[in-house]
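Here are some exercises to work through with the model open beside you. Try each task before you read its solution.

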Amino acid sequence: MIKVSVVVPVYNPGPYLDRCVDSLLDQSLTPEEYEIVFVDDGSTDASPARLDKLAAEHPHVRVLHQENSGWPGKPRNVGVDQARGEYVQFVDQDDEMAPEALQRMYAIGARNSSDIVLGKVAGTMTAPSHVFARNVERCTIEDAPLIESVSPHKMFRRSFLQDNDLRFPEGKRRLEDQLFMVQAYLRAKTVSIVGDYACYFWNRRDDRGNSSSTRSSMRGYYGNLREVIDAVKAGTEPGELRNRLLRRFFRIEMMRRLCEPRLLQYSDGYRNEGFRVVRELAFACFAGSDGRFAGGEVVAGLPPIMRLRAALLERDRLDGLMELARRCENVRGFATVDDLRWENSSLCADVRAGLLHADGSPVVIVERGGRFEVDPSLVSGLSTIDSWDAGDPCADATAEVRVFHRDTNLWWFAPTTLRATLVPVGAGRQDCYQVVLAGTATFDPRTLAGGAPLEPGRYDMWVAIRSLGLGRAVRLTIDGGSRWDGALIPAVVGNPSRIIVPHRTLPLGQLSLEIDERNQSLAGELAARGIGPLQARGAQLHLAVPVQAAPGTGPREVEVVIGRAGSSRTLPGRIQPAQEAVLAFNDVTTLPSGRHPLSLRTDPSGRQPAIPIGTAVVQGGRIVGVRGIAYRAIPRRVVARVTSEPWLHRQAFRAIAALPPGAADRARTVARKLSRWSGD
């Protein structure tokens, strides 16, 4: 049985087809379980011959050739007509799918008899989406934010498409995917979401040749958008569901062109045309019986600054929209940690976030006459407007805590609820308030990847803030001071155990987590915090180490290196969870009496050097004591920590590269000597 048919429209992809092909051939489903249907839309490059050769080599690959139709709609429809799988997955010619994508998406779809399956989307052409925050077995457009994901790169039950006569509009046009997805969502009885595995990669091409990157005809684009809006109205009854869906298209497809930074970057001609076309569409689709749209149900449900933009649009004040965009462009977000602690296997951060002006002063809400008004510095003096009602300023305020994996460019969402409150601003000024979002974010590396464990690597913590209709994403920061020493302690969690090292990165104090470290930063932390005392347990030594270990955590295998390069001994060791974690290793050295560096290597590959954490005192071939790094060794410890900090390492070598050739060579020599010296 063919479980999945992958339909790929193809038109002159050039070399970008290769990565798509490779990813589809590398699926974990067996070749008997899926087929790949390439629909060549009259390509004039070498792609037709390349595809025919591919089909000859792989029985589960089929190629259909047709005259050029001008857009992906017809090739997708032809592919569905020829598909034989239970499900159909749409893929664009320059995108990729992860190896287990089809298997995982089909499994959740078959388990729930789903009409549509969404797989987590990643890559350089997509922003993190809370639609994929976690796995969802069953949902619909009514109870999930599916409308926030309207690209067609999803899996559809083929009988669902056929029974509902769901087809893409054909010919050269824009938003054919949104029209298709709106109609599909409104008809689907069950939708499933894979959120714990990145399934689909939508990457920007080096030549900027992605079809969605090209500028379209303004009137053509908004004419096609009206068809999408009409489809929402045709598929829903008047009420909150319809209004919620329409708000999405008003907020993104229409008003995004009239907000910062885009509005300020357009040429005068393009900006003026866009303003006129958007205004015409707003009156045509959203005006009420009084001929106005800014006070209608759709706009009324938007946050205050977006309602203000709609009012300026209705009043034909492009100048006001431009000035508002200039003022809002200077607004930035902040997200700080008030408290940080380990609770069992999770690092818990008490987070506070909000909006600030460029000078650091808070964006405020002013209370006048029993109502709240938007910050006068954003509103006062705008065309035809001197003040603006903020309604309930906390109603639309939200914040999401995200983690970003540097190695894979993947985003994950931390479980958290940040609640909005009004905090008085200024001494004795009880009429001014700041909207502050506060709550606790939980970082559990065992489940943070949408319910699955995080992959090894460095993770940056971000907070995405939406308040008053402004959205800002900022790094989560920790202020300076020794009060964090007890909180930023390394940990081992899980069974098998994983090393977690929280960092306050330099120079900005941003919070990050290193999972199953590759840079030996745990050893640097132990050296800085101090180790000991040492206890003999028969032939085994136990050395107390400042490492957090939750109940149920398994031991972590490491290597202990005693002695200097050329005469050192490497011993197997382990970090054992206990009331106070210990580093355990055998007391067998065969080293001469004296003091010898004691170093730690946690990198399982063995490619990284061991980092000194103390000094072993050897007498008669036995270790009789271990001392922490002495005060006179602080420079060595500092260098060790610098070389284990990737950001500082990169900055140092960028600075060296900027030197004249002779000076750069001397600086590199010094850097290499310092690195070797710190690891002796």
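**Exercise 1.** Find the backbone nitrogen that lies 3.2 Å from a polar atom of the side chain of Gln-27, then describe the surroundings of Gln-27.

*Solution.* Step one: the nitrogen belongs to Leu-102. Such a polar contact is a pair of N or O atoms within 3.5 Å; within protein, one must be able to donate a hydrogen and the other to accept it, and residues adjacent in sequence count only if both atoms are side-chain atoms. Step two: the backbone oxygen of Ser-23 also lies 3.0 Å from a polar atom of the Gln-27 side chain. Step three: place Gln-27 in the loop between helix 1 (16–25) and strand 2 (34–41); helices (H or I, at least four residues) and strands (E, at least two) are DSSP runs, numbered from the N terminus. Step four: leaving aside neighbours within four places in sequence, its contacts (heavy atoms within 4.5 Å) include Tyr-34, Met-97 and Pro-99. With a relative accessible area of 7%, Gln-27 is buried (under 20%; exposed is over 50%, partly exposed in between, with a 1.4 Å probe and protein chains only).

Before going on, a note on conventions. This is a predicted model, in which local features need pLDDT of at least 70 and side-chain atom pairs count only at pLDDT 80 or more, while totals for chains, interfaces and linings use all residues. Residues are numbered from 1 along each chain as its sequence is written, and side-chain values use heavy atoms, with hydrogens and water left out.

**Exercise 2.** Is Leu-448 buried or exposed, and which residues is Leu-448 in contact with, leaving aside neighbours within four places in sequence?

*Solution.* Start with the location: Leu-448 sits in the loop between strand 17 (432–443) and strand 18 (457–467). Leu-448 is buried, because its relative accessible area is 3%. Its partners include Val-403, Trp-412, Phe-413 and Leu-454. Now check Phe-413: the two residues are 35 apart in sequence, yet their C-alpha atoms are 7.0 Å apart.

**Exercise 3.** Trace the open sheet formed by eight strands.

*Solution.* First, the order is 23-24-28-27-26-29-30-31, with antiparallel pairing (two strands pair if DSSP finds at least two bridges between them). Next, strand 23 (534–537) and strand 31 (622–627) are the edges, each pairing on one side only. Then zoom in on strand 26 (residues 556–562) and strand 27 (residues 569–576), joined by seven bridges. Across this pair, Val-560 has Leu-571 in strand 27 as its bridge partner.

**Exercise 4.** Which two residues does the cis peptide bond with omega of about 5 degrees join?

*Solution.* The bond joins Gly-532 and Pro-533. Pro-533 falls in the loop between helix 15 and strand 23. Look also at the bond from Glu-260 to Pro-261, which is cis with omega near 0 degrees; Pro-261 is in the loop between helix 8 (240–254) and helix 9 (262–265).

**Exercise 5.** Compare the settings of Leu-175 and Asp-316.

*Solution.* Begin with the backbone: Leu-175 has a positive phi of about 65 degrees although it is not a glycine, and Asp-316 likewise has a positive phi of about 65 degrees. Leu-175 is in the loop between helix 5 (158–163) and helix 6 (176–187), while Asp-316 lies in the loop between helix 12 (304–314) and helix 13 (318–329). Finally, Leu-175 counts as buried at 8% relative accessibility, whereas Asp-316 is partly exposed at 44%.
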